[in-house]
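Work through the exercises below with the sequence and the 3D view at hand. Try each task before reading its solution.

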Amino acid sequence: MKTIYRWSIFVFLIVVTILLFSKGMDLRSIGAEDVDGDGIGVYFLVFEINDRVPTQSIPTYAYGFFVASIITALAAIFTAIAAIYVAGKKGIINTQ
């Protein structure tokens, strides 16, 4: 049963990785002409990260989302490896 939980966590982490990477790409595509006023608001899903990000700080936030997507991707990979290893030890799959 723990294998099902591990695969569920893997799928969840992959979805979060894709969303984080997508947000980073969105922030990288914003140019100075797209910003009006003091800056832009940065949101991830329903969470407000910052409501006034200056134009010169937007790439920093983009890199932050890229780094977060790499971290969640690594966590997903390690979760999948653990699920495969546990399934192999239980004899569910043949790892030889």
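The exercises go from the whole chain to single residues, and the model they use is a predicted one.

**Exercise 1. The chain as a whole**

Task: Find how many helices and strands the protein chain has, and give the order in which they run.

Solution.
Step 1. Counting the elements gives 2 helices and 2 strands.
Step 2. Read from the N terminus on, the order is α-β-β-α.
Step 3. Of the 96 residues in the protein chain, 28% are buried.
Step 4. Among contacts with a separation of 6 or more, 55% join residues 24 or more positions apart.
Step 5. The chain exposes about 6,800 Å², and 65% of that area comes from carbon and sulfur atoms.

**Exercise 2. The largest nonpolar core**

Task: List the residues of the largest nonpolar core, and state which element supplies the largest share.

Solution.
Step 1. The core has 12 residues in all: Val16, Leu20, Leu27, Val35, Ile40, Val42, Phe44, Val53, Ile58, Ala62, Phe65 and Phe66.
Step 2. At least two residues of this core come from each of α1 (2-28), β1 (40-44) and α2 (58-90).
Step 3. The largest share belongs to α2, with 4 residues.
Step 4. For one member, take Ala62: leaving out residues up to four places away in sequence, Ala62 touches Gly24, Leu27 and Arg28.

**Exercise 3. Two threonines**

Task: Decide whether threonine 17 and threonine 79 are buried or exposed, and find what each one touches.

Solution.
Step 1. Threonine 17 is part of helix α1, while threonine 79 is part of helix α2.
Step 2. The cut-off for buried is under 20% relative accessible area. Threonine 17 has 12% relative accessibility, so it counts as buried. Threonine 79 has a relative accessible area of 15%, and therefore it is buried.
Step 3. With residues up to four places away in sequence set aside, threonine 17 is in contact with Ser69, Thr72 and Ala73. On the same terms, threonine 79 touches Arg6, Ile9, Phe10 and Leu13.
Step 4. A polar atom of the threonine 79 side chain lies 2.7 Å from the backbone oxygen of alanine 75.
Step 5. Threonine 79 and threonine 3 are 76 residues apart along the chain, yet 9.8 Å separates their C-alpha atoms.

**Exercise 4. A nonpolar patch on the surface**

Task: Name the residues that make the nonpolar surface patch, and say where leucine 45 is found.

Solution.
Step 1. The patch consists of Val11, Val15, Leu19, Leu45, Val46, Phe47 and Ile49, and covers about 690 Å².
Step 2. Both α1 and β2 (47-53) supply at least two residues of the patch. The element that gives the most is α1, with 3 residues.
Step 3. Leucine 45 sits in the loop between β1 and β2.
Step 4. A residue counts as exposed at over 50% relative accessible area. Leucine 45 has 58%, so it is exposed.

Terms used
Residues are numbered from 1 along each chain as its sequence is written. This is a predicted model: local features need pLDDT of at least 70, side-chain atom pairs count only at pLDDT 80 or more; totals for chains, interfaces and linings use all residues. Side-chain values use heavy atoms; hydrogens and water are left out. A nonpolar core is a set of buried Ala, Val, Leu, Ile, Met, Phe, Trp, Tyr and Cys residues joined through side-chain atoms within 4.5 Å. Buried means under 20% relative accessible area, exposed over 50%, partly exposed in between (1.4 Å probe, protein chains only). Contact means heavy atoms within 4.5 Å. A polar contact is a pair of N or O atoms within 3.5 Å; within protein, one must be able to donate a hydrogen and the other to accept it, and residues adjacent in sequence count only if both atoms are side-chain atoms. Patches are made of residues with over 30% relative accessible area and no salt bridge: like charges are joined within 9 Å, nonpolar side chains (Val, Leu, Ile, Met, Phe, Trp, Tyr) within 5 Å. Accessible areas come from the Shrake-Rupley method with a 1.4 Å probe; for residues, only the protein chains shown count as cover. A salt bridge is a side-chain nitrogen of Lys or Arg within 4 Å of a carboxyl oxygen of Asp or Glu.
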